[in-house]
Amino acid sequence: MNISIRQGETVKLETSVLDVTGQAADLSGAIVKFAIKKKDVDTVVIKDPTVLLNVISLTLDSTDTSEVGEYFYEFRIKLNGEEDSVDFGKIQITRALVYGL
């Protein structure tokens, strides 16, 4: 999924995980990580999202979104010995006309 936000905004990212039958997945015991990196920069920032039932969520605050640019993100999950990407895409942070209130 591609996301567009303004510099300095707080945004909550959420993704729901379904099993092979299309039902809410049981994420009990899962290890879940969120990774984000700016395009053309090697540094990857890894965060621990919140898991509630089958919903994975993470809030990016104004500090996280202070630098304008294009970013790649990914939610990864490890469950029952299998590791998968459950959501990934780009986040475009554009310059805010008024920033740092």
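**Exercise 1. Find the salt-bridge partner of Arg-76 and describe how accessible both residues are.**

Solution. Arg-76 and Glu-74 are joined by a salt bridge, with 2.9 Å between the closest N and O atoms. A salt bridge is a side-chain nitrogen of Lys or Arg within 4 Å of a carboxyl oxygen of Asp or Glu. Next, consider accessibility: buried means under 20% relative accessible area, exposed over 50%, and partly exposed in between (1.4 Å probe, protein chains only). Arg-76 counts as partly exposed because its relative accessibility is 28%. Glu-74 is also partly exposed, at 23%.

The model is predicted: local features need pLDDT of at least 70, side-chain atom pairs count only at pLDDT 80 or more, and totals for chains, interfaces and linings use all residues. Residues are numbered from 1 along each chain as its sequence is written, and side-chain values use heavy atoms, with hydrogens and water left out.

**Exercise 2. State how many salt bridges the structure holds, and locate the pairs made by Lys-38 and Lys-39.**

Solution. Step one is the count: the structure holds eight salt bridges. Step two is Lys-38, which pairs with Glu-67 at 2.7 Å between the closest N and O atoms. This pair links distant parts of the chain, since Lys-38 belongs to strand S3 (residues 31-38) and Glu-67 to the loop between S6 and S7, 29 residues apart. Strands (E, at least two residues) are DSSP runs, numbered from the N terminus. Glu-67 counts as partly exposed because its relative accessibility is 46%.

Step three is Lys-39, whose side chain meets that of Glu-70 in a salt bridge of 3.3 Å, N to O. Here too distant parts of the chain are linked: Lys-39 is in the loop between S3 and strand S4 (45-47), Glu-70 is in strand S7, and 31 residues separate them. Lys-39 is partly exposed, at 38% relative accessibility.

**Exercise 3. Which strands pair with S8, and in what sense?**

Solution. Two strands pair if DSSP finds at least two bridges between them. Strand S1 (residues 2-6) pairs with S8 in the parallel sense over five bridges. Within this pairing, Ser-4 has Gln-92 of S8 as its bridge partner. Strand S7 (residues 69-79) runs antiparallel to S8 and is joined to S8 by 11 bridges. Leu-79 has Glu-82 in S8 as its bridge partner. S7 and S8 form a hairpin with two residues between them, and Asn-80 in the turn has a positive phi of about 55°.

**Exercise 4. Is Ser-57 buried or exposed, and which residues does Ser-57 contact?**

Solution. Ser-57 is found in strand S6 (residues 55-60). With a relative accessible area of 13%, Ser-57 is buried. Contact means heavy atoms within 4.5 Å. Leaving aside neighbours within four places in sequence, Ser-57 is in contact with Lys-12, Leu-13, Glu-14, Pro-49 and Thr-50.

**Exercise 5. Where does Leu-97 lie, and what patch does Leu-97 help to form?**

Solution. Leu-97 lies in the segment that follows strand S8 (82-94). Leu-97 counts as exposed because its relative accessibility is 86%. Together with Val-98 and Leu-101, Leu-97 forms a nonpolar surface patch of about 470 Å² accessible area. Patches are made of residues with over 30% relative accessible area and no salt bridge; nonpolar side chains (Val, Leu, Ile, Met, Phe, Trp, Tyr) are joined within 5 Å, like charges within 9 Å. The areas come from the Shrake-Rupley method with a 1.4 Å probe; for residues, only the protein chains shown count as cover.

Terms used
Helix = DSSP H or I, 4+ residues; strand = E, 2+ residues; numbered from the N terminus.
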